[in-house]
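Visitor: Hi! I'm new to looking at protein models, could you walk me through this one?
Guide: Happy to, let's bring it up on the screen.
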Amino acid sequence: MEDSREAIIDWVALHILPHEAYVRAWLMRAMRRSGDVDDVIQEAYCQIAELDTVAHIRNGRAYFLTAARSMLLQRLRRERVVRIEAITDLDALRMRDEGPSPERVTGARRELERVLGLIAMLPPVCRQVIELRRIHGFSQRETALRLGVTEAVVENNSIRGLKVILKALEEEDDCAPVQDAVTPDPRSSAHVRH
């Protein structure tokens with residue numbers, strides 16, 4: 001979906017511009033010439049301005065850093081003589097991925113599957129209310145209209161469904177340590193045998 005120019009400009013003002021000082025400092029360490037830094041910053045802004053949409057960008061700072069690094073690498077490739085310090089500086093300045101770790105992604109997926117499984121076990125109206133309100137983001141009124149029920153029914157089923165889900169999650173969490181505590185310690189049973 002294509003964003004309007006005004007929407008992109010507003011997005012850049014909110015999500016890119018506040019990070020200019022950080023990106024500028026990053027570039028200064030890599031380039032050591034402020035005139036070149038200004039050019040790279042300008043080129044990065046131009047690259048971002050040419051986008052049809054910014055909907056795919058999740059982290060403005062990381063995107064801005066990536067655009068600036070790309071511009072810097074293009075400049076280094078165009079230069080006939082590359083300072084050896086520039087190459088070592090680029091290695092030292094490799095950006096860390098600011099996204100969640102693979103472990104966190106896996107854990108979040110497991111938790112989502114767990115919650116979706118609990119939602120699927122709710123009574124039909126309760127399940128539909130939770131899905132429309134919490135997953136699809138419908139308002140209480142929109143949910144009521146869509147299901148052909150009153151807003152009070154939506155509110156009651158929403159509360160009831162969330163309580164059931166939270167209680168089930170709590171019970172599952174409480175069971176895990178208990179199971180570990182019940183598992184016999186192999187050393188203690190070996191000690192008893194002797």
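Visitor: How much of the chain is buried?
Guide: This is a predicted model, and buried residues make up 27% of the 194 residues in the chain.

Visitor: And what about the surface, how big is the area the chain exposes?
Guide: The chain exposes about 13,700 Å², and 56% of that is supplied by carbon and sulfur atoms.

Visitor: How many helices and strands should I look for?
Guide: You should find ten helices and zero strands.

Visitor: Let's zoom in. How do helix α6 and helix α7 meet?
Guide: Helix α6 covers residues 102–120 and helix α7 covers residues 124–135; their axes come within 9 Å and cross at roughly 145°. On the α6 side, the contact is made by Leu116, Ile119 and Ala120, while α7 brings Arg127, Ile130, Glu131 and Ile135.

Visitor: What kinds of residues are those, nonpolar, polar or charged?
Guide: The contact of α6 with α7 has five nonpolar residues, no polar ones and two charged ones.

Visitor: What do Glu131 and Arg127 do with their side chains?
Guide: The side chains of Glu131 and Arg127 meet in a salt bridge, at 4.0 Å from N to O. They are four residues apart in helix α7, so about one helical turn separates them.

Visitor: Is Leu116 buried or exposed?
Guide: Somewhere in between: Leu116 counts as partly exposed because its relative accessibility is 39%. Leu116 also helps make a nonpolar surface patch of about 270 Å², together with Leu112 and Ile135.

Visitor: Back to salt bridges. How many does the structure hold?
Guide: The structure holds five salt bridges. Glu20, Arg24 and Asp38 are linked in a network of them.

Visitor: Nice, how does that network fit together?
Guide: Start with Glu20 and Arg24, whose side chains meet at 2.7 Å, N to O. Both lie in helix α2 (residues 20–31), four residues apart, or about one turn of the helix. Arg24 also meets the side chain of Asp38 in a salt bridge, at 2.4 Å from N to O. Asp38 lies in helix α3 (residues 34–49) and Arg24 in helix α2, so this pair ties together parts that are 14 residues apart in sequence.

Visitor: Why does Glu20 count as buried?
Guide: Glu20 counts as buried because its relative accessibility is 18%, and the cut-off for buried is under 20%. Arg24, with a relative accessible area of 24%, is partly exposed, and Asp38 is partly exposed at 40%.

Notes: Residues are numbered from 1 along each chain as its sequence is written. This is a predicted model: local features need pLDDT of at least 70, side-chain atom pairs count only at pLDDT 80 or more; totals for chains, interfaces and linings use all residues. Side-chain values use heavy atoms; hydrogens and water are left out. Axes are lines fitted to C-alpha atoms, for helices over the stretch in contact, and angles run from 0 to 180 degrees between N-to-C directions. Helices (H or I, at least four residues) and strands (E, at least two) are DSSP runs, numbered from the N terminus. Contact means heavy atoms within 4.5 Å. Ala, Val, Leu, Ile, Met, Phe, Trp, Tyr, Cys and Pro count as nonpolar, Asp, Glu, Lys and Arg as charged, and the others, Gly among them, as polar. Patches are made of residues with over 30% relative accessible area and no salt bridge: like charges are joined within 9 Å, nonpolar side chains (Val, Leu, Ile, Met, Phe, Trp, Tyr) within 5 Å. Accessible areas come from the Shrake-Rupley method with a 1.4 Å probe; for residues, only the protein chains shown count as cover. Buried means under 20% relative accessible area, exposed over 50%, partly exposed in between (1.4 Å probe, protein chains only).
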